[in-house]
Amino acid sequence: KYVGNTLVQLYGTSGCLDSAIRAFDAILSRNVYSWSLLMSAYAQSRHLPGVLNVFDMSPQRDLVSWATAVSACTQEQRLDLAASIFKQMPQRNLVSWNILATAYAQCGYPHDSAATLSRMPQLSLVSWNVFLQAYAQMGDLQTAWDMFQAIPDLDAMSWTSMMSALARNGDLSKATELFDAMPSRDLVSWNCLLQANAQTGHLAAASSMFDKMPQRDTMSWNAIIHASVEQPDMSVGRDCFLSMPSRC
RNA sequence: AUUCCCGACUGUG
């Protein structure tokens, strides 16, 4: 029933902006979802003017349309635009506020991010994760840790955020402890600790992780190749590079 | 049917 919208989404999320636009043009009866999906397609292709243009042309705008617009400004570091659009929103929900808090953090203002979150009447798990990341970004690992302990229903992002903060702070052993304690590990959590080891010269630990990983992507390969090249025997890095599949 | 249904927010990079 929503074949047209689904096509726009499919092309949009895979970065085929032109195809997404053609799919959108082919839709006979566009609804508010169609317009949002086209905005998302532009956002995925990092084309902020396109996002805002579609937003302006939309016959109807709902919370999601507004949220998509603000979020697109955020990824281009346009805090001024994000804040300006946020102020004009006719309604706001929890997600809107989460996006604003994310905007502050991503533009280098973790204190404003935390201040925003602390004024919110309700917090979701996403909010808590942004909160934790804001304190980590300020370098306040103690508060981040206290928050980590207090968050109900921690998810993979909470665990990886905390682990990443510890690793960035130079506490590789605590980061490793956290990794081992995680209820489930995904590619991002593996890559995070792999990179932490690789970037600090722990080639043995990095290699061991690399071998044990259930899946690897280009970031995993990049991390291990960089680490291999940083040590005296250059042939290790070369062999590693040559053994990398063209698609992974 | 504000409850179903196609869209928005957070982690490595």
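Colleague: Which residue has a side-chain N or O atom 3.0 Å from a base nitrogen of RNA strand B?

Modeller: This is a predicted model. Besides the side-chain pair in question, a backbone N or O atom of Ala156 lies 3.5 Å from a base nitrogen of RNA strand B. The pair at 3.0 Å involves an N or O atom in the side chain of Asp186.

Colleague: How far is the side chain of Gln133 from a sugar or linking oxygen of RNA strand B?

Modeller: Gln133 is listed among the closest residues to RNA strand B, together with Asn5, Ser36, Gln195 and Met219. The atom on the protein side of the pair is an N or O atom in the Gln133 side chain. Its distance from the sugar or linking oxygen is 2.4 Å.

Colleague: How many residues surround RNA strand B, and what percentage of the strand's atoms within 4 Å of the protein is sugar and phosphate?

Modeller: The residues surrounding RNA strand B number 36. Of the atoms of the strand that come within 4 Å of the protein, the part that is sugar and phosphate amounts to 41%.

Colleague: Which element gives the largest share of the surface near RNA strand B?

Modeller: A polar contact of this surface is the one between the Asp186 side chain and a base nitrogen, at 3.0 Å. The elements that give two or more residues to the surface are α1, α3 (32-44), α5 (63-75), α7 (94-106), α9 (125-138), α11 (156-168) and α13 (187-199). The largest share is six residues, and it comes from α11.

Colleague: Why does Thr160 count as buried or exposed?

Modeller: Thr160 is placed in helix α11. Leaving aside neighbours within four places in sequence, Thr160 is in contact with Met182, Val188, Ser189 and Cys192. Buried means under 20% relative accessible area. Thr160 is therefore buried, because its relative accessible area is 9%.

Colleague: What separates the C-alpha atoms of Pro110 and Met138 in space?

Modeller: Pro110 lies in helix α8, which covers residues 110-118, and is buried with a relative accessible area of 9%. Leaving aside neighbours within four places in sequence, its contacts are Tyr104, Ala105, Ala134, Gln137 and Met138. Pro110 and Met138 are 28 residues apart along the chain, while the separation of their C-alpha atoms is 6.2 Å.

Colleague: How far apart in space are Asp239 and Tyr104, C-alpha to C-alpha?

Modeller: Asp239 is found in helix α16, residues 234-242, and is partly exposed at a relative accessible area of 41%. In sequence, Asp239 and Tyr104 are 135 residues apart. In space, the C-alpha to C-alpha distance is 43 Å.

Colleague: Which residues make the nonpolar surface patch of about 360 Å²?

Modeller: One member, Leu7, lies in helix α1, residues 3-13. Leu7 counts as partly exposed because its relative accessibility is 34%. The patch is made by Val3, Leu7, Leu10 and Tyr11.

Colleague: How many helices and strands does chain A have?

Modeller: Chain A has 248 residues, of which 43% count as buried, and its C-alpha atoms fill a box of roughly 60 × 45 × 30 Å along the principal axes. Its secondary structure comes to 16 helices and zero strands.

Colleague: What percentage of the area exposed by chain A do carbon and sulfur atoms supply?

Modeller: The area that chain A exposes is about 13,700 Å². Carbon and sulfur atoms supply 54%.

Conventions
Residues numbered from 1 in each chain as written. Chains lettered and ligands numbered in written order. Predicted model: local features only at pLDDT ≥ 70, side-chain atom pairs only at ≥ 80, totals over all residues. Heavy atoms only, no water. Patch = residues over 30% accessible without salt bridge, like charges linked within 9 Å, V, L, I, M, F, W, Y side chains within 5 Å. Areas by Shrake-Rupley, 256 points an atom, 1.4 Å probe, with all protein chains shown as cover. Salt bridge = Lys/Arg side-chain N within 4 Å of Asp/Glu carboxyl O. Helix = DSSP H or I, 4+ residues; strand = E, 2+ residues; numbered from the N terminus. Buried < 20%, exposed > 50% of the residue type's maximum accessible area, 1.4 Å probe, protein only. Contact = heavy atoms within 4.5 Å. Near = heavy atom within 4 Å. Polar contact = N/O pair within 3.5 Å; in protein donor to acceptor, adjacent residues only side chain to side chain.
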